[in-house]
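Open the structure in your viewer and keep the selection panel at hand. The tour below goes stop by stop, saying what to select and what is there.

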Amino acid sequence: MEYTPHTEDEIRAMLERLGMRELRELFRDIPAELLEPELDLPEPMTEAEVLEHLRALAAKNRPATRAFLGGGVRAHHVPAVVPHLATRAEFVTAYTPYQPEASQGVLQAIFEYQTMIAELTGLEVSNASLYDGATALAEGVLLALRQTRRMRVALSQAVHPEYRRVLKTYLDAIGAEVYELPLEGSRTALAEIPAEVGAVVAQTPNFLGSIERLEPLAEAAHRAGALFVAVVDPISLAILKPPAAYGADIAVGEGQPLGNAMAFGGPHFGFIAVRKALVRQLPGRLVSETRDVDGQRGFVLALSAREQHIRRAKAKSNITTNSQLTALMGAVYLAALGPQGLREVAVRAVANAHTLAERLETIPGVERVTEPPFFNEFVLRLPVEARRVRARLAERGIHAAVPVPEEYGENLALFAATEVHDAADLEQLEAALREVLA
Amino acid sequence: MEYTPHTEDEIRAMLERLGMRELRELFRDIPAELLEPELDLPEPMTEAEVLEHLRALAAKNRPATRAFLGGGVRAHHVPAVVPHLATRAEFVTAYTPYQPEASQGVLQAIFEYQTMIAELTGLEVSNASLYDGATALAEGVLLALRQTRRMRVALSQAVHPEYRRVLKTYLDAIGAEVYELPLEGSRTALAEIPAEVGAVVAQTPNFLGSIERLEPLAEAAHRAGALFVAVVDPISLAILKPPAAYGADIAVGEGQPLGNAMAFGGPHFGFIAVRKALVRQLPGRLVSETRDVDGQRGFVLALSAREQHIRRAKAKSNITTNSQLTALMGAVYLAALGPQGLREVAVRAVANAHTLAERLETIPGVERVTEPPFFNEFVLRLPVEARRVRARLAERGIHAAVPVPEEYGENLALFAATEVHDAADLEQLEAALREVLA
Amino acid sequence: KAFPLIFERSKPGRRGVRPVRAPEVDLAALLGEENLRETPPRLPEVDELSLVRHYTGLSRRQIGVDTSFYPLGSCTMKYNPKVNEAAAALFSDLHPYQDPDSAQGALELMYELQRYLAEITGMDAVTLQPAAGAHGELTGILIIRAYHAARGEHDQRRVVLVPDSAHGSNPATASMAGYEVREIPSGPDGEVDLEALKRELGSHVAAIMLTNPNTLGLFERQILEIARAAHAAGALLYYDGANLNAIMGWARPGDMGFDVVHLNLHKTFSVPHGGGGPGSGPVGVKQHLEPFLPVPTVRKEGDRFVLDYDRPQSIGQVRSFYGNMGALVRAYTYIRLLGAEGLKRSAALAVLNANYLKERLKDEGYRIPYDRTCMHEFVAQPPEGLRTLDIAKALLDEGYHPPTVYFPLIVKEALMVEPTETESKETLEAYAEVLGRIARRGLEDPEWIQGAPYRTPVRRLDEVSANRKPKLRWEPVEEAVRSS
Amino acid sequence: KAFPLIFERSKPGRRGVRPVRAPEVDLAALLGEENLRETPPRLPEVDELSLVRHYTGLSRRQIGVDTSFYPLGSCTMKYNPKVNEAAAALFSDLHPYQDPDSAQGALELMYELQRYLAEITGMDAVTLQPAAGAHGELTGILIIRAYHAARGEHDQRRVVLVPDSAHGSNPATASMAGYEVREIPSGPDGEVDLEALKRELGSHVAAIMLTNPNTLGLFERQILEIARAAHAAGALLYYDGANLNAIMGWARPGDMGFDVVHLNLHKTFSVPHGGGGPGSGPVGVKQHLEPFLPVPTVRKEGDRFVLDYDRPQSIGQVRSFYGNMGALVRAYTYIRLLGAEGLKRSAALAVLNANYLKERLKDEGYRIPYDRTCMHEFVAQPPEGLRTLDIAKALLDEGYHPPTVYFPLIVKEALMVEPTETESKETLEAYAEVLGRIARRGLEDPEWIQGAPYRTPVRRLDEVSANRKPKLRWEPVEEAVRSS
């Protein structure tokens with residue numbers, strides 16, 4: 001296949017206008033020794049062939065539509081109307097709305113998204129989205145360090161291990177230091193925060209599933225002059241306290257549960273919301289309401305002086321691309337469900353997770369590690385390695401038991417339930433796990 | 001689920017305005033003994049539940065994506081761009097373009113479709129589409145009878161049996177008669193046409209796959225004062241003579257091969273094209289170019305005096321709905337491929353079908369009934385009942401061997417090849433058929 | 001800037017989708033030189049991006065339910081759930097001639113849908129084959145004809161009675177089936193004149209075709225009496241299901257005494273209208289008509305579902321294969337989503353919306369010729385001095401689709417308004433206000449309203465010359481010159 | 001008529017999608033009363049149809065490649081095949097933590113894509129993890145940093161050299177990684193000033209970041225010399241792949257001497273831009289840098305594909321999981337569709353289009369500050385007396401997207417034009433003509449051009465007050481009043 005409109009006649013005519021006879025002349029500025037390498041790539045295919053080939057590849061996967069897997073990405077039902085609207089060609093094939101008069105669709109959608117994230121978190125300002133939950137955390141912490149002009153971070157061990165790893169990569173880059181706040185059971189132990197710390201980070205529900213009580217930690221952070229960064233699950237915010245209510249200055253999280261496919265881990269979107277005072281430190285794009293010359297309401301990119309295309313070496317972040325389309329999915333999802341629908345999704349997940357935990361705890365050798373209250377995920381100690389249990393369950397067509405890193409203990413596995421599960425699913429997992437562990 | 005926006009407050013307010021207290025009062029004109037029957041329907045489901053249920057149903061089917069089945073519907077590759085464009089919400093959720101100023105999208109698309117069908121058939125005028133190939137034939141023949149004011153039809157036995165059955169249903173309704181032109185081998189025997197015949201009908205490639213030579217039959221029809229109606233396959237018209245070239249006054253056919261899913265037999269679309277002199281007899285919608293008050297080009301429904309909403313009991317046909325969306329798929333398909341792409345699809349089908357016939361003929365007990373030249377379908381005589389062969393092949397994941405009605409002989413099966421097949425497919429079918437017949 | 005035709009974007013030799021590698025083949029040898037066409041069809045030659053811009057651009061010159069309120073009377077332009085599209089895709093890769101044992105899921109769905117539709121309409125058996133409402137009408141009338149023929153009464157029963165308010169397809173269908181059509185006048189209450197009907201009834205009448213509620217949006221209150229009279233005369237009663245959305249779950253045609261009913265799945269059961277189709281027009285019948293249904297129907301044998309062709313009294317086949325499966329899946333999905341309660345609530349809110357909008361239009365000075373509690377739709381007239389066509393065109397400038405205009409024929413300057421249940425109170429208010437504003441301005445400034453629309457992609461189009469000298473296809477420039 | 005916000009369509013108690021039946025649960029008992037929120041978030045409460053009209057309406061207030069020519073320089077707004085979307089859907093139901101043996105197809109695709117991208121860029125190993133181009137830059141710079149650290153030279157190499165024509169993300173990235181950034185001026189030919197570069201080089205330099213062709217669309221002809229000089233000084237050479245579309249198949253960064261390269265799959269490899277993302281920014285490195293790649297990469301063990309976390313020298317992880325799989329599938333599909341020849345032809349036609357349009361713009365009176373054979377893009381300036389911003393706004397009225405404006409910073413009133421290979425000659429001609437017409441009219445009638453656009457959904461917007469007093473969210477009326 002090829003996607004170029006040129007006929008041979010046109011190519012000839014265009015080259016002629018340039019005083020050239022063949023296409024290779026266009027590359028005359030390239031040193032001859034570099035030109036036209038042999039590329040070892042497979043032969044071109046037609047559309048039908050490539051689809052057939054991809055279907056064969058896809059057939060080697062077992063879809064995880066009803067998975068009990070968690071850890072930032074979960075199997076949720078995406079209402080049909082969400083991709084239907086978000087994948088309208090105009091949304092998909094536009095770029096960053098540099099020309100606002102022709103981009104009101106994307107701009108208004110972002111403005112509305114910002115509002116929804118602000119509503120969920122209780123914080124005043126959301127940006128237009130970031131890459132994912134982990135990088136949103138890294139950007140949130142960098143923001144806090146810029147604001148406090150400090151270079152030390154206190155990080156709860158109950159924050160998602162991948163998020164911590166990404167944060168460390170980002171902090172290494174600028175030479176900032178992290179120290180970990182250890183666990184007490186399955187929750188972050190309260191600790192005094194030393195004065196040189198610029199950011200204190202915790203997650204709720206945390207990686208082990210427990211709902212943290214974060215007011216005391218936030219207060220400790222503030223006493224030390226640090227900012228408090230909360231990592232949150234957006235679905236949980238339908239019923240759990242918004243981060244602003246327990247003193248978070250910055251809230252970040254992973255947007256996948258809001259209307260996005262699991263997609264083997266991406267693309268999703270990360271969200272970040274901050275107190276108003278921090279807005280000029282906020283990385284990524286921001287959309288503001290404004291007026292046109294006739295006084296009509298319209299929307300534009302705002303405060304772009306923060307961005308790299310103007311400040312270059314002094315930019316707040318190097319971010320240019322955000323996750324507009326996946327964030328749009330999130331916004332459409334939130335608008336489709338409304339507060340009541342989102343609440344129902346959350347409540348059903350809570351109910352399913354608690355029923356599931358009760359059922360699985362009855363299996364000999366299985367013990368719940370996550371202390372209540374927990375939300376929709378929990379960790380069990382299994383009598384054998386989680387990796388093997390996951391594999392055996394997968395052979396039975398059931399996806400469950402994410403291996404939990406050794407730092408938290410041996411043979412631990414994370415389970416999640418969502419609104420997609422029904423009683424039969426829970427029963428099936430229980431039976432399969434009994435079989436696997438028998 | 002429900003798709004109504006009304007809040008309880010609104011319902012109350014609206015009822016109040018009507019002087020009512022509850023919704024049932026709205027139905028007070030309905031005799032009480034009719035009101036509110038118990039309906040024995042399943043309980044409502046959520047969207048996720050209904051999709052899960054439908055997926056379970058769908059899992060009981062074996063998709064026929066690479067089927068060797070023919071008879072008016074075939075497995076073709078539908079380029080991704082075709083449904084992408086044709087299913088734009090504005091096309092899908094509009095109705096018949098009664099208000100042309102707000103419906104230029106649909107109207108222009110029909111105008112272009114009409115042109116493409118005219119180009120394929122070589123005839124001057126196409127309508128906006130009909131239900132399917134079989135009803136297009138029925139409407140074509142009724143048109144011929146109206147035009148000639150005759151009540152007798154000569155119908156080749158090599159026309160698709162389902163088309164003949166549908167035609168008979170329509171002709172019975174008005175008391176017109178059909179007689180069949182018998183076969184000579186796998187082709188229609190040339191016969192003189194009696195003077196009372198208004199329409200002569202043949203198909204090429206015919207139901208048995210053979211390409212008919214229709215000039216002599218068309219001439220015979222015209223000598224008798226009858227109109228000649230050709231049933232044609234749209235893909236074949238990329239390389240075969242257009243119906244106008246052998247004297248057809250009316251050409252009809254099934255549009256599915258042009259960019260539409262097989263969909264278990266529908267919805268597809270039927271096309272019909274006629275000589276210009278017949279335009280005022282043509283059933284269904286027609287779109288004409290015109291100008292607006294500023295002189296700009298635009299498109300409108302034209303000649304609707306032919307239609308039932310004005311002529312009522314004197315209408316040419318009772319057709320109101322056409323097959324706009326599926327015909328649009330056809331138009332986008334034709335525009336996507338262009339003359340060269342359509343030719344390549346046809347050529348590859350021809351090559352595949354001939355290779356396949358050669359391969360299958362070598363199986364002991366198998367004999368080709370279709371005489372050359374044939375196009376992309378052919379009939380084989382099998383040593384056993386076709387129905388059983390089809391079932392056994394299906395068990396092996398291969399769809400082939402459509403049972404051919406007994407009127408053509410015993411144990412006959414129709415095979416089709418298209419551009420989707422490659423050498424491995426042909427080989428696989430051969431091997432499977434050998435196994436089944438062994 | 002004129003929007004180009006796809007042919008005007010074409011350039012010789014340009015390629016779009018290259019679907020396959022075509023092998024080298026000696027076509028003349030395989031197919032016969034004399035069978036080959038001499039010149040290729042002049043289809044457009046465009047690249048994929050031009051194709052995309054063309055049809056995306058066309059779609060942006062089009063409105064639909066998803067962009068605009070579209071209260072086209074008798075067409076039930078309700079919102080159709082998007083999940084329907086995902087549902088239909090699950091059944092799109094099946095061939096009608098594949099081994100039925102390899103399509104049991106599809107057949108089971110059809111079987112269940114037959115049952116649901118029978119239940120909703122109060123009939124005993126259903127065929128899913130007809131491709132659209134009018135096609136269902138034809139099927140139904142042919143069944144009636146076959147019934148009378150089987151009783152030896154066909155030659156005597158040559159007349160079909162149709163009210164003067166009927167959909168145009170009713171008389172057209174009857175005439176297509178060879179019947180003489182006689183019109184029954186409507187009474188002053190907008191309903192069929194029962195006495196006039198009785199006068200026309202007799203042993204020459206094959207059937208009465210009725211829509212209930214009728215096209216004025218009024219329920220025929222004497223329906224039981226009509227049914228008794230028809231049956232007493234040996235005639236059958238045909239139900240045009242175009243307006244079923246008004247009463248589903250509240251009353252059933254079968255209980256009213258109808259013998260045959262067709263449904264428009266694309267109206268009542270949430271199959272998108274597609275710019276004018278495809279639709280789907282299943283037909284339900286009472287037990288005495290079941291033998292005449294078209295072949296095949298879907299039957300259950302033990303736990304297998306089979307296509308039943310063995311129906312000796314069948315009227316035959318009305319189209320190829322089994323029906324518009326894509327539409328059937330959508331209707332099935334819709335019924336499973338809503339259940340009996342949901343269907344009933346939908347009908348009630350459709351009726352509520354119609355009645356409320358009727359009141360609001362009265363506020364705005366519109367006239368209501370038959371002003372009583374309506375069902376899912378009502379017929380209005382603009383204030384004296386204004387033409388319906390002008391109102392419709394002015395509405396387009398406000399981004400709304402007009403109601404059905406100039407129908408039913410028995411009301412002058414008719415505006416037939418069907419808001420459907422999926423529209424909100426705010427939308428109804430806004431529509432009424434706009435209609436009021438247009439009427440007031442139109443009365444003050446006739447030139448303005450006669451010039452509308454002003455803001456649509458094209459302005460008012462010349463339909464007269466399009467009918468006088470239709471131009472029904474694009475022609476290459478050289479030919480256009482030659483033929484002009 | 002103002003287009004409403006989704007919040008302005010909201011009504012208390014209205015429901016849209018009802019996704020599930022929620023069971024009765026004592027939340028306070030399960031979750032702790034103190035953990036529950038007191039008031040629900042004020043999300044919109046809209047029905048599904050209002051939702052559909054809202055977002056469909058918004059999309060109609062937006063242009064994209066599928067509606068309009070969109071020659072945004074450095075962004076490669078080419079047509080992205082629709083088959084990509086069907087391809088991506090095949091891999092959408094996989095969870096990143098599912099058993100890797102149950103995701104072998106996905107891992108195989110990733111493994112092969114790593115290989116293809118290495119081949120196309122001339123590098124030895126590739127990570128697919130970075131989520132976007134700038135993210136790839138960060139990853140690449142951290143790899144460079146780790147390399148120097150491993151050699152004990154990190155403390156000494158604190159400087160990154162960047163040309164003054166570079167993309168803003170280059171210096172921003174270097175500074176994010178803790179480096180001091182020094183700018184290298186461009187010479188009069190628009191290329192890096194080699195002598196100036198050599199003067200800056202030394203044992204304090206960690207890396208040089210280059211785009212080649214550079215943002216003026218010019219190939220850096222001295223690239224081999226630059227590479228030699230860099231390596232001689234112990235610095236590494238970083239390739240910003242934003243402009244790879246110019247040369248793919250014709251020349252490889254690896255062969256030029258680059259040590260690290262990032263790719264923008266959403267530019268070169270046909271991942272749609274999505275209104276500003278998500279993208280995907282794989283990074284390729286030469287062998288000596290492979291140990292530092294982020295974890296995990298995909299490795300083949302026998303005939304199994306595994307996620308390799310066992311890389312002790314890795315920089316760690318730059319995001320969660322493995323990369324933007326949806327984008328990876330699209331890029332893989334595109335490469336398989338085109339093959340090596342197709343990629344090469346695409347690049348050649350992209351360059352042809354750019355050069356041709358450059359000539360046409362000269363005809364129309366536009367100035368070309370560096371006028372020689374360009375690659376996939378070029379930089380122009382409007383005729384003296386006109387402002388680039390005004391040209392851009394006037395283009396919007398003609399249904400076109402403007403080029404990138406005011407970039408690169410080294411050209412005043414820059415218009416950076418990248419037509420891409422998927423645009424036709426007619427489109428280029430039409431664009432040039434419109435630009436010419438706008439310039440002529442603008443010179444005659446400054447007021448007209450300063451007032452443009454006139455026909456867009458909104459007219460020129462007040463960005464100044466949006467920056468001075470940004471309003472970044474909707475507020476309910478009562479609060480808006482309170483907070484104002």
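Start by selecting chain A and chain B. In this predicted model, the two chains bury about 1000 Å² between them, with 45% of that area on carbon and sulfur atoms. Which three residues of chain A supply more of the area buried against chain B than any other three? Select Glu47(A), His77(A) and Arg88(A): together they account for 42% of the area on the chain A side. The contact takes 13 residues from chain A and 13 residues from chain B.

Next, look for the charged pairs across this interface. There are 4 salt bridges between chain A and chain B. To see one of them, select Glu52(A) and Arg66(B), whose side chains meet with N to O at 3.1 Å. Polar contacts across the interface of chain A and chain B join 8 residue pairs, counting those with both residues at pLDDT 80 or more. Now colour the helices of chain A. Two elements, α2 (47-58) and α4 (89-92) of chain A, give two or more residues to the side that touches chain B. The largest share, 4 residues, comes from α2(A). Coloured by class, this side of chain A shows 6 nonpolar, 2 polar and 5 charged residues.

**Chain B against chain C**

Hide chain A and bring in chain C. Chain B and chain C bury about 16700 Å² between them, and 64% of this is on carbon and sulfur atoms. The contact draws on 184 residues of chain B and 199 residues of chain C.

How many salt bridges are counted between chain B and chain C? The count is 15. Select Arg17(B) and Asp363(C) for a salt bridge between side chains, at 2.7 Å from N to O. The polar contacts between chain B and chain C come to 89 residue pairs, both residues at pLDDT 80 or more. Then select residues 324-361 of chain B, which form helix α10. This helix gives 23 residues to the side of chain B that touches chain C, the largest share. By class, that side of chain B divides into 98 nonpolar, 43 polar and 43 charged residues.

**The sheet in chain B**

Stay on chain B and switch to a cartoon view. An open sheet of 7 strands runs in the order β1-β9-β8-β7-β6-β2-β3, with mixed pairing. Its edge strands are β1 (125-126) and β3 (177-181) of chain B, each paired on one side only. Within the sheet, select residues 227-232 and 250-254 of chain B, which are strands β7 and β8. These two strands run parallel and are joined by 3 bridges. Val229(B) stands opposite Ile250(B), a residue of β8(B). Add helix α8 (residues 215-223) of chain B, which lies across β3, β6 (197-204) and β7 at about 150 degrees to β7(B).

**A pair that joins chains B and D**

Show chain D and select Glu10(B) with Arg14(D). They form a salt bridge in which the closest N and O atoms are 2.7 Å apart. Why does this pair join two chains? Glu10(B) lies in helix α1 (residues 8-17) of chain B, while Arg14(D) is in the segment before α1 (27-31) of chain D, so the pair links one chain to the other. Over all chains, the whole structure has 168 salt bridges.

**The sheet in chain D**

Now keep chain D alone. Here 7 strands form an open sheet in the order β1-β7-β6-β5-β4-β2-β3, again with mixed pairing. At the edges are β1 (125-127) and β3 (180-184) of chain D, which each pair on one side only. On average, neighbouring strands of this sheet are turned by 25 degrees against each other, direction ignored. Helix α5 (residues 133-150) of chain D packs on the sheet and touches strands including β1 and β4. The direction of α5 makes about 170 degrees with that of β5(D). For a parallel pair, select β2 (residues 159-163) and β4 (residues 205-211) of chain D, which share 3 bridges. Val160(D) stands opposite Ala207(D) in β4(D).

**Backbone details**

Finish with single residues. Select Pro453(D), in the loop between α14 (446-451) and α15 (463-468) of chain D. The peptide bond from Ala452(D) to Pro453(D) is cis, with omega near 0 degrees. Return to chain A for the bond from Thr204(A) to Pro205(A), also cis, with omega near -15 degrees. Pro205(A) is in the loop between β6 (197-204) and α8 (215-223) of chain A. Last, select Arg149(A), in the loop between α6 (133-148) and β2 (152-156) of chain A. Arg149(A) is not a glycine, yet has a positive phi of about 55 degrees.

How values were computed. Residues numbered from 1 in each chain as written. Chains lettered and ligands numbered in written order. Predicted model: local features only at pLDDT ≥ 70, side-chain atom pairs only at ≥ 80, totals over all residues. Heavy atoms only, no water. Contact = heavy atoms within 4.5 Å. Buried area = accessible area lost by both parts, 1.4 Å probe. Polar contact = N/O pair within 3.5 Å; in protein donor to acceptor, adjacent residues only side chain to side chain. Nonpolar A, V, L, I, M, F, W, Y, C, P; charged D, E, K, R; others polar. Pairing = 2+ DSSP bridges. Axes fitted to C-alpha atoms, helices over the stretch in contact; angles between N-to-C directions.
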